[in-house]
Amino acid sequence: MRLVCRHISTFGKHSITNHNHVGRRFLHRDITVIGGNLIGAATAVALAASPAFAQRAISLVERRDIKFPQNLNEWSNRVYAITPGTRRFLVDQGIWQKLSPQQKHVCRRMVVWENQSDAALDFRGSDLVKDDEDVEPDTVCFNIDQHALLHAIYERLKELPNIELRSRTRITNIELPTLDRRSFPPEKVTFEIFDEPEKHTTDLLIAADGFNSQIRKLMGVKNVSWSYKQKSVIAVVDLDGLSDVDGTAFQRFLPEGVVALLPLGNKKACLIWSLVDDCAEQILKLSDEEFVETLNRHLTDTLDYNQGVMSVLHGTRLIMNSVGLRQSCSKVTPPRVVAVHPQTRASYPLGMGHAVNYVVPRTVLVGDSAHRVHPLAGQGANFGFADVECLVRNLAGAAFRGEQPGDMKALIAYERERQRALLPFQVAIEGLIHIYQNKNLPVVLARSLGVQILDSLPYLKHKIIQFASR
Amino acid sequence: MTRGRFLRVLGRVLLDSSRPLSSQVKEAPSAPASDTVKKNERDFSKLRDQWWIPRGEFEVLSRMNELRVPLITDKLRGHRKLEDPASTLKGFSIIDVGCGGGLLSEPLARLGANVTGLDIVPSNIAAAKDHASRDPSIRDRINYICGDIKDIGEQYDALVASEVVEHVEDLDEFIRNCSRVVKPHGHLFFTTINRTLLSLLVAKIGAEYIVHLVPRGLHDWQMFVTPEELQLKLAKHGCAVSEVKGMMYHPIGGYWTWFGMDCINYALHAVKIGDPCQKGEQDHVPK
């Protein structure tokens, strides 16, 4: 609990004022969730649905208005790759059942390659061991539109009587408890709502307010972060060419970033293309035709192939074949983009963030507010849902042990479990970015050889995909 | 740790614990009992502010709730499904003997039980009362009493004596009283430390002198109780042991887990099956 002691000084400044003005009403909610996007709303659902909190008042506060597009079966440019592990959580929460079949597209295969050599990794869903009966046996991930998923969460939320949803609500004057050793248990969190006279108190504040979290700043926890100086260009595109284009996700590492295509069915795909800031600006300005042409060039060109590396790869391939190790995909046949849907091109900045502590007394961070990752692994949302599962499990366990709501031991257990699970991922993603940005011959050779050997070792590949899809 | 320090520590421990060895087992309970009471009072009143502080002296003890509360709820409720936490133990009356600052009484009350917290050290009861008074959801369901178990006249559905028997001078008398205050077919829960070489090394020397998990001199290894002794004493007073489980503390992660061996910490669950009142006098004659 070294961390807690450290916060004593940080907290002091937030809790000086005395707010017991005459005639001021205090409203108490047992748990308040700040941020009504995917992770915040899912947290509220998971808490309210848990028997441990069925008798508790849970409040979900969102600044924006919560509204959805007319046609939820239409794909927008924000698509999440939901792993089987996250699916299990969504099924348990009754959210998955609210999604119609055409809103979740099954991806059965994932091909990863680069532009300096033709070494490629080919993951198939059949490499995964299934513990769920009702998942199609060879699913790598489910591609789900952001609006459809959020809508499903809110549909489930409406069924739970103990959630109070407050949209278009801004909270101000948040005061986190001091951790004065004499005043234990810590005081409750108090806050006000903009334009409302009452004072609100809560036993536990859950912050799901995104990577730029205001609550995290208030908590005073150290946040390690940097910008990748990259933007992610997103769009919905039409594909042509391959027969299995509807079941395969493609990802190509380029020196300027990563281009990825998530299949959406009917030869449509969602493009997620991370690019250095300047390039991204230029690409967004291109006309639709030029955009498609540039994209195809980045997906298919072989001009950067390093001949030396290629011949070494060819040699090892022959040797490996002779001892019986075969690659699952000998040559990548990338899809060809034929059109980009109008008005779907957009971009958002990329950065990495890691809060050194996810919890302080009575306050906890979930999702992007605690950890922000590069989208190349497609894990941001999955990490967030895993946070929710872990947090609710620990809080419910503590409730059934008779601990006080907002008990620090349960929060610490959540923090320990999540950081232990996430840090290796964050390091691996960082490592991948740096390895693939490098154009030096030894690095290119090493990574190409590594990828080629890995691709022919089903056991290792299986382990990796199992690790990534928990 | 240097060799010199290790020897100093070892020497202090051995001196410390060799003192009451012969006196406590055989002699009549009156005189040494007051000694132990005084020692407990002295030790615990020093620690009166420590009970509820995170990372305080009783951190390890409060973390044990992760094991002992589920043990109690499982045994009392059987396999009924958990619904609302606040009604988990509704209707059960529980006496927490040696409640200290109420580290276990409060969670049990929060789960719906009516708890009587009993402790012989006045400063413990003061700390417990003070802390419970701040939580309106439980303060009506906890009743703290400063006193001895022999003065308790009521009978309860369950008795909990967690980390207590190693501080008790006359174990036989204590167990007799424990059995007496439990209703027929009621439950008794004990957690304590076994008297083994390993527990001397780990729970006494390791925890008190090396990693400072437990206040120094709080425990006396000679007074630790083996599960067999406890089982015999319980049987003598009409209680049948249903389960003995080892517990282990992980100092690095700071949490407890159930453990396959009961050579250091263990929890014991017994059920009162008979009424030993008639035999009580006869059994009390020393050998």
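How many cavities of 30 Å³ or more does the count come to? In this predicted model, the count comes to seven. The second largest of them holds about 60 Å³ of space, and its lining can be spelled out residue by residue.

That lining draws on chain A. From the earlier part of the list come A:Gln230, A:Phe253, A:Leu254, A:Pro255, A:Gly257 and A:Val258, and the rest is made up of A:His374, A:Leu432, A:Ile433, A:Tyr436 and A:Gln437. Three elements of chain A each put in at least two residues: strand E13 (248-254), strand E14 (257-265) and helix H10 (408-437). Helix H10 of chain A is the top contributor, with four residues. As for chemistry, the lining of this second largest cavity counts seven nonpolar and four polar residues, with no charged ones.

Still on chain A, an unreviewed UniProt entry carries the annotation "domain: FAD-binding" over residues 30-300 and 338-420. Over residues 338-420, chain A is 41% helix and 24% strand, and the C-alpha atoms at the two ends sit 43 Å apart.

Turning to chain B, the UniProt annotation "domain: Methyltransferase type", again from an unreviewed entry, spans residues 95-190. Here the chain is 28% helix and 31% strand, with 12 Å between the end C-alpha atoms. A further annotation from an unreviewed UniProt entry, "binding site", picks out B:Arg68, B:Gly98, B:Asp119 and B:Ser162.

Of these annotated positions, B:Arg68 is worth a look of its own. B:Arg68 belongs to helix H5 (residues 65-77) of chain B. B:Arg68 counts as buried because its relative accessible area is 4%, under the 20% cut-off. Setting aside neighbours within four places in sequence, B:Arg68 has contacts with B:Leu61, B:Leu103, B:Leu104 and B:Ser162. One of those partners, B:Ser162, is itself covered by the "binding site" annotation.

How far can the model be trusted? For the complex, the predictor gives an ipTM of 0.79 and a pTM of 0.85. Chain B has an average pLDDT of 83, and 83% of the residues score at least 70. Within chain B, confidence peaks in strand E1 (residues 93-97), at 96, and bottoms out in helix H2 (residues 21-26), at a mean of 37. Two stretches of chain B stay under a pLDDT of 50. Over residues 14-32 of chain B, the model has 13 contacts beyond four places in sequence; over residues 278-287 of chain B, there are three such contacts.

Notes. Residues numbered from 1 in each chain as written. Chains lettered and ligands numbered in written order. Predicted model: local features only at pLDDT ≥ 70, side-chain atom pairs only at ≥ 80, totals over all residues. Heavy atoms only, no water. UniProt positions renumbered as here; feature names shortened; annotations may be inferred. 1 Å grid on protein atoms, 1.4 Å probe; cavity = no way out; pocket = protein on both sides within 12 Å on 5 of 7 lines; lining within 4 Å. Points joined across faces, edges and corners; volume = space filled by probe spheres on them. Nonpolar A, V, L, I, M, F, W, Y, C, P; charged D, E, K, R; others polar. pLDDT = per-residue confidence, 0-100. Contact = heavy atoms within 4.5 Å. Buried < 20%, exposed > 50% of the residue type's maximum accessible area, 1.4 Å probe, protein only.
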